[in-house]
Each structure stands twice: as C-alpha cells, then as structure tokens.
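User: Please take me through this model by question and answer, giving the criteria behind each term as it comes up.

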Amino acid sequence: MKFEEPEDPQWLAFRRALERAIGVPLGQYKEPQMKRRLANIMTRRGLNGWPAFEKAIAADRELLADVRDTLTINVSEFFRQADRFQELQAKWLPELIKERRQLKIWSAGCSVGCEPYTLAMILNELDPRGNHSILATDVDMPILSRAREGNGYPPSEVRSVPPALLKKYFVSEGETFRVTDDIRRKVNFRRHDLLSDPYPTDLDMILCRNVVIYFTDEAKQHIYKGFAKALRPSGLLFIGGSEMIMRSGEIGFRTAGTSMYQKAA
Ligand SMILES: C[S@@+](CC[C@H](N)C(=O)[O-])C[C@H]1O[C@@H](n2cnc3c(N)ncnc32)[C@H](O)[C@@H]1O
C-alpha cells in the first residue's frame, strides 16, 4: 500500500504567506515547477529554508516583486511566433470580419501588452475604419500598469515586428520602444484571474497563449471549458505553440489549424 507524503508544514505556511502578499491563489499552479523556481531564488539570495524566505519577503518589496514575476512569468513579445500571427492576418481575422463587422476579442494573460497591441496593429491593417473591441486581461496588477502605458519595450520584444509596422506603430525612445497612442487606445486592459473570475461572453476570438502551461491539468480543463462558454458558436481560440487541448471534442472544440481551435457551431 502506498501512502501520500504529508505536506511540509513550513512550505504550506510559506505558500499561504506568499498568496496573501501577492494576492494570487497558488493552489492550482504546478507545485514542483513552482518550488523549483522559488528554490532558485532562495539559493540566489542565500536564504536557508522556507521560514527564512517568508521573513525575507515580508521585509523586502523588491524580493516580493521578483518572486511574483518568477511565478507568473511575464515573458512576452510582439508577433510572438510571427508565422502564427501572419496566418491570423491572412486568414482567420479576414474571415471573422466578413462574418461579423465588429469583433469582440479577448487576450487572456496579456502580460505587458505585446499580444493585444499586436492584434490591434493587425486589425488596423485589415480594417482601418473598424470599431473592434479588444479586451486584455492579466492577474498581475503591476504588469497591467506597464501594459497600459505601452512603453519601455526593449529591442528583444519588438524583434519580430515586420519593419513596415515597426515604423508605423512604434516610436523609438532611446533604448526602448513605445506604441503609438492610436494603438494604445484600441486596447482595454482589466485585471482578471482565469482561475476564479467570471468570463466575458459572446466573444469572436480568445487568445490565451503561454499562460496555462503553469497550471495543473484540472485548472487547464476549467479554463478551456470557460473559454468554450465565453465564445459564440464558431468562435476561435488561439493558443500557444507548445500547447494543446486534451479531449477538446468533449469540451466543444474542434481543431481548426495549428494552435487554433473552433467552438462547435
Ligand atoms: C508568459 S506570459 C504570456 C504573455 C502572452 N500571452 C504571450 O504569449 O506572449 C503569461 C502571463 O499569464 C499571466 N497569468 C498567470 N496566472 C494567471 C491567472 N491565474 N489569470 C490570468 N493571468 C495569469 C501572468 O501574469 C503572465 O503575464
């Protein structure tokens, strides 16, 4: 007979303190991955054990921000996986615009805003007079403030932007780039936790890329079922290159293309 290992009480106390401090419930994040990342920070800071780490995050706001960034991983870039966005521009979005004149699109887990701003640029190229709605959400408040400002993007985050669009939609500010005000105004940013908040409805498309990789299988299913409800019939779900939806048919999706699922009509 196999017995479950009892949870380490020091780890549990640390996790609770951390959840309170960053305001993000961590129960549905993959625990081994989370512990590994936290252990790296502990070693880097010369901290010995979870109680010492708990004291340190209570006293040091910078460390707390570092821990939050490490757990929620905010890495992003414009036109991330450029070939997928080219396909979005050449095929998926023109088809959607033909069907419905005003699109309702949600970028869930938008980080610093590269993804929803990329979408705003593509929509502007396709339909300059269009009045489409782009909602962009993330659980991380500080990252959302940065996204709203739409500036401070280093060259590494704009490296995949086609040169003509870089010229048209960005302003160079010393070492970094800022998106033009026109593009900034097209995106509506809001805090939203994919694990606990209600989802919007009647959407034409959802982009949720490189977000659920940190979640348990149970949490992923919860999110994908929520997306299926949030989309209108035939609506599209665009996911990350390394992701796939398990038992997608049971949830109500069919595979429509690479990284693209469509809700049953
Ligand atoms: C790696 S970034 C992905 C950014 C963008 N989608 C992309 O592909 O470049 C993952 C984002 O998911 C957000 N995130 C993590 N847990 C979340 C949750 N429970 N609800 C909403 N967003 C979450 C993080 O804050 C982070 O900004």
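Analyst: In what follows, Ala, Val, Leu, Ile, Met, Phe, Trp, Tyr, Cys and Pro count as nonpolar, Asp, Glu, Lys and Arg as charged, and the others, Gly among them, as polar. The model is predicted, with local features requiring pLDDT of at least 70 and side-chain atom pairs pLDDT 80 or more, while totals for chains, interfaces and linings use all residues. Residues are numbered from 1 along each chain as its sequence is written.

User: How do the residues of the shell around the ligand divide by type?
Analyst: A residue is near the ligand if its C-beta atom, placed from the backbone, lies within 6 Å of it. The ligand is surrounded by 22 residues, and the closest are Thr-72, Ser-76, Gly-109, Ser-111 and Leu-194. By type, this shell divides into nine nonpolar, seven polar and six charged.

User: What distance separates the centres of domain 1 and domain 2?
Analyst: Domain 1 covers 9-72 and domain 2 covers 82-263, bounds that come from an automatic or database domain assignment. Taken over C-alpha atoms, the separation of their centres is 29 Å.

User: Which residue in S7 is the bridge partner of Ile-206?
Analyst: Helices (H or I, at least four residues) and strands (E, at least two) are DSSP runs, numbered from the N terminus, and two strands pair if DSSP finds at least two bridges between them. Strand S6 (residues 203-208) and strand S7 (residues 231-239) are joined in the parallel sense by five bridges. In S7, Ile-206 has as its bridge partner Leu-237.
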